[in-house]
Amino acid sequence: MATAFSPSKFAAQPFPLNTTSQNNPLTIPTTASAFLGSTRKPILLSSSSNLNLRRGSLTVVKALSKGIPARAILSELLGKATGCCRGQGGSMHIFSREHNMLGGFAFIGEGIPIGTGAAFTSKYKREVLKEADCDHVTLAFFGDGACNNGQFYECLNMAALWKLPIVFVVENNLWAIGMSHLRATSVPPIYKKGPAFGMPGVHVDGMDVLKVREVAKEAIGRARRGEGPTLVECETYRFRGHSLADPDKLRDPAEKAHYAARDPITALKKYLIDNSLASEADLKAI
Amino acid sequence: MLAIARQRMLGQSFKKILPAVSVLRSYSSAAKQVIFFTFFILAHNLMHTDMVGEYQGAYKITKGLLEKYGPERVLDTPITEAGFTGIGVGAAYYGLKPVVEFMTFNFSMQAIDHIINSAAKSNYMSAGQISVPIVFRGPNGAAAGVGAQHSQCYAVWYASCPGLKVLSPYNSEDARGLLKAAIRDPDPVVFLENELLYGESFPVSDEVLDSSFCLPIGKAKIEREGKDATITAFSKMAAEMLEKDGICAEVINLRSIRPLDRATINASVRKTNRLITVEEGFPQHGVGAEICASVVEESFSYLDAPVERIAGADVPMPYAANLERMAVPQVEDIVRAAKRACYRSVPLAATA
């Protein structure tokens with residue numbers, strides 16, 4: 001049966017792939033130097049679908065997708081007391097207990113063990129505390145930069161060892177601030193590191209919303225069934241610099257132009273309109 | 001010398017520390033009992049660290065727990081401090097009450113990002129939404145002949161960080177009461193034990209053995225009342241203090257490094273007018289430095305002599321036994337410092 005994880009679904013294409021870039025207009029830069037704020041890993045837990053998401057970069061975007069009101073997030077970014085963390089956390093530390101968002105973290109790789117711990121708790125609650133309805137799955141999001149970090153491997157090991165309900169999602173945009181993934185990594189395909197630890201490694205076009213959704217569904221289903229973790233590598237691209245402090249001079253303009261042509265949001269919009277799933281007016285209303 | 005000092009100390013403590021003596025309880029079994037008891041009360045506790053289950057912990061502190069509570073609650077992990085500490089913190093975020101054991105606190109340096117950034121700061125960063133009820137425990141400070149990388153004291157490293165509580169027990173009563181308080185506390189607590197004290201026995205009263213015995217965090221204990229000078233110490237150094245004679249010193253067992261019980265220390269200095277701080281760790285930016293600053297800020301006019309700071313030598317811990325002895329404060333050092341503070345010998349500056 002051809003599943004999202006079937007080898008035919010992903011070809012071992014050379015880097016970079018022909019994918020669209022990931023445009024995130026809400027990437028609010030940190031006020032600190034470019035040294036900080038590399039990989040941020042908040043956990044997003046969705047109360048509606050029992051999904052715990054732990055996110056690497058772009059805390060803000062994940063916070064929005066978890067249902068935290070945009071106004072609360074923007075207030076937080078501006079340091080106001082009405083922000084979701086009363087201005088105490090900031091762009092890199094968005095937390096919301098109510099929306100099950102366990103936070104963003106500034107240290108690279110820091111959020112991966114935290115997410116693994118949340119997954120551990122889900123499993124513990126189900127098996128040891130006998131809360132049968134606890135089927136929470138944790139999603140840990142991080143970038144390609146975190147994949148060379150020790151904690152990442154420690155957690156791949158322990159998650160597979162204990163069959164924790166977690167999905168490790170790598171947003172590989174080929175650049176860890178100013179460090180090219182290809183210059184930093186001995187074996188660039190990150191999804192290949194999953195099987196080394198006893199879990200499936202899946203590669204997906206991160207610019208295609210629907211393909212990512214399909215892979216996510218399968219990985220989450222796997223975790224819910226108790227089959228253990230999955231490593232999902234989403235190939236994507238960053239339109240602008242990592243933050244305002246990043247001069248972004250290292251990336252080839254041709255490479256940037258190539259990816260700029262494939263914006264996932266406009267692609268999805270085109271798909272929706274072409275397939276008559278929504279009209280222009282509907283989308284404008286959103 | 002050390003052995004003799006300890007023996008006498010034990011004898012002295014037998015007579016002097018506690019009025020009601022009923023049972024001798026060793027430091028390590030007191031710590032264990034607390035974990036047992038707490039597991040009994042709080043269903044969600046779990047404990048994990050490397051080798052804690054089948055190996056029964058590096059110093060057998062967790063002996064018996066695996067049989068009693070099973071492998072789901074006493075978890076053996078691979079030796080990956082950053083990973084398992086982060087997992088513990090993540091579990092604490094999400095509702096459990098983990099107790100993470102480090103084989104020694106030296107190894108906590110591999111996990112310090114999680115202790116400080118993920119655990120200590122989260123309550124503040126999330127404006128109170130995320131609470132991290134986790135305890136990090138393990139032996140801290142110099143042991144016997146384990147070399148530079150296994151002998152450092154981390155009290156000040158953690159005590160300087162807002163969001164953490166740092167406790168350091170001296171005897172069995174402290175071990176039992178403080179560990180229970182640490183586990184019950186909704187915030188991250190660093191519990192610094194002492195390897196050399198694990199094998200010591202201390203007399204305890206019936207009250208201590210009671211299952212609900214718990215000590216408050218942030219309160220120091222006056223181990224011995226005095227009038228000539230105040231000596232502050234914690235963990236193993238408190239043991240050495242009781243050896244002092246000649247000068248009637250008031251000995252304060254700090255118990256809690258953060259929050260520091262400034263009230264008790266200052267009240268004592270106002271009574272005795274002299275202060276000697278004792279610690280095992282490195283001298284610069286140490287616990288003694290903070291206590292000295294606190295006393296200067298709050299009780300300056302009560303001081304009759306400069307504050308004396310006794311600390312470990314400012315050198316990575318040597319391996320050779322004789323050098324190691326010289327690198328850790330000895331009773332004679334403290335006696336000398338007390339005499340200097342009481343103007344019974346020439347001050348340091350004059351001899352320089």
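This briefing covers two chains, their helix packing, their core and a few residues with notable backbone geometry. The model is predicted. Chain A has 10 helices and nine strands. Chain B has 15 helices and 14 strands. Helix α4(B) packs against α3(A), and the axes of α4(A) and α4(B) come within 8 Å.

**Chain make-up**

- Chain A holds 286 residues, of which 54% count as buried.
- Chain B holds 352 residues, and buried residues make up 61% of them.
- In chain A, 70% of the contacts with a separation of 6 or more involve residues 24 or more positions apart.
- In chain B, the share is 78% for residues at least 24 apart, among contacts between residues at least 6 apart in sequence.
- The UniProt record, an unreviewed entry, annotates residues 63-286 of chain A as "domain: Dehydrogenase E1 component".
- That span is 40% helix and 14% strand, and its end C-alpha atoms lie 17 Å apart.

**Helix packing between the chains**

- Two packed helices are described by the angle between their axes and the distance between the axes.
- Helix α3 of chain A (residues 111-127) packs on helix α4 of chain B (residues 81-93) at about 55°, with the axes 6 Å apart.
- The pair α3(A) and α4(B) is therefore oblique.
- From α3(A), the contact uses Pro113(A), Ile114(A), Thr116(A), Gly117(A), Ala118(A), Phe120(A) and Thr121(A).
- From α4(B), it uses Ala82(B), Gly83(B), Gly86(B), Ile87(B), Val89(B), Gly90(B), Ala91(B) and Tyr93(B).
- The crossing of α3(A) and α4(B) is right-handed.
- Helix α4 of chain A (residues 150-161) also meets α4(B): the axes come within 8 Å and cross at roughly 65°.
- That angle makes α4(A) roughly perpendicular to α4(B).
- Gln151(A), Glu154(A) and Met158(A) make the contact from α4(A).
- Their partners on α4(B) are Glu81(B), Ala82(B), Gly83(B), Phe84(B) and Ile87(B).
- This crossing, of α4(A) and α4(B), is right-handed.
- Ala82(B), Gly83(B) and Ile87(B) appear in the contact with α3(A) and in the contact with α4(A).

**Nonpolar core**

- In soluble globular proteins, nonpolar side chains tend to be buried together.
- The largest nonpolar core here has 85 residues.
- Phe168(A) and Phe136(B) touch the most other members of that core.
- Phe168(A) touches Ile112(A) and Thr116(A), among others, not counting residues up to four places away in sequence.
- Further contacts of Phe168(A) include Ala140(A), Phe142(A), Cys155(A), Leu156(A), Ala159(A) and Met199(A).
- Pro229(A), Thr230(A), Leu231(A) and Val232(A) also touch Phe168(A).
- Thr116(A) thus has a part in two contact sets: it touches Phe168(A), and it belongs to the α3(A) contact with α4(B).

**Buried loop residues of chain B**

- Pro133(B) is found in the loop between α6 (122-125) and β5 (135-139).
- Its relative accessibility is 12%, so Pro133(B) counts as buried.
- Pro133(B) touches Ala92(B), Leu96(B), Lys97(B), Pro98(B), Asp185(B), Pro186(B) and Asp187(B), leaving aside residues up to four places away in sequence.
- Val89(B) is 44 residues from Pro133(B) in sequence, and their C-alpha atoms are 8.5 Å apart.
- Arg73(B) lies in the loop between α3 (65-69) and β3 (74-77) of chain B.
- Arg73(B) counts as buried because its relative accessibility is 10%.
- The C-alpha atoms of Arg73(B) and Arg340(B) are separated by 52 Å, with their positions 267 residues apart along the chain.

**Backbone geometry**

- Ile177(A) has a positive phi near 55°, and is not a glycine.
- Ile177(A) sits in the loop between β6 (175-176) and β7 (179-180) of chain A.
- With 17% relative accessibility, Ile177(A) counts as buried.
- His285(B), also not a glycine, has a positive phi of about 55°.
- His285(B) sits in the loop between β13 (275-278) and α12 (287-299) of chain B.
- With 62% relative accessibility, His285(B) counts as exposed.
- Gly79(A) takes a positive phi of about 75° just after α2(A).
- Helix α2 (residues 70-77) has Ala72(A), Ile73(A), Ser75(A), Glu76(A) and Leu77(A) as its buried residues.
- Arg258(B) and Pro259(B) are joined by a cis peptide bond, with omega about 0°.
- Pro259(B) is in the loop between β12 (256-258) and α11 (262-272) of chain B.

Definitions and conventions
Residues are numbered from 1 along each chain as its sequence is written. Chains are lettered from A and ligands numbered from 1 in the order in which they are written. This is a predicted model: local features need pLDDT of at least 70, side-chain atom pairs count only at pLDDT 80 or more; totals for chains, interfaces and linings use all residues. Side-chain values use heavy atoms; hydrogens and water are left out. Helices (H or I, at least four residues) and strands (E, at least two) are DSSP runs, numbered from the N terminus. Buried means under 20% relative accessible area, exposed over 50%, partly exposed in between (1.4 Å probe, protein chains only). Contact means heavy atoms within 4.5 Å. UniProt positions are given in the numbering used here, feature names are shortened, and annotations may be inferred rather than shown by experiment. A nonpolar core is a set of buried Ala, Val, Leu, Ile, Met, Phe, Trp, Tyr and Cys residues joined through side-chain atoms within 4.5 Å. Axes are lines fitted to C-alpha atoms, for helices over the stretch in contact, and angles run from 0 to 180 degrees between N-to-C directions. Angles under 35 degrees count as roughly parallel, over 145 as roughly antiparallel, 65 to 115 as roughly perpendicular and the rest as oblique. A crossing is left-handed if the near helix is turned anticlockwise from the far one by less than a right angle, and right-handed if clockwise.
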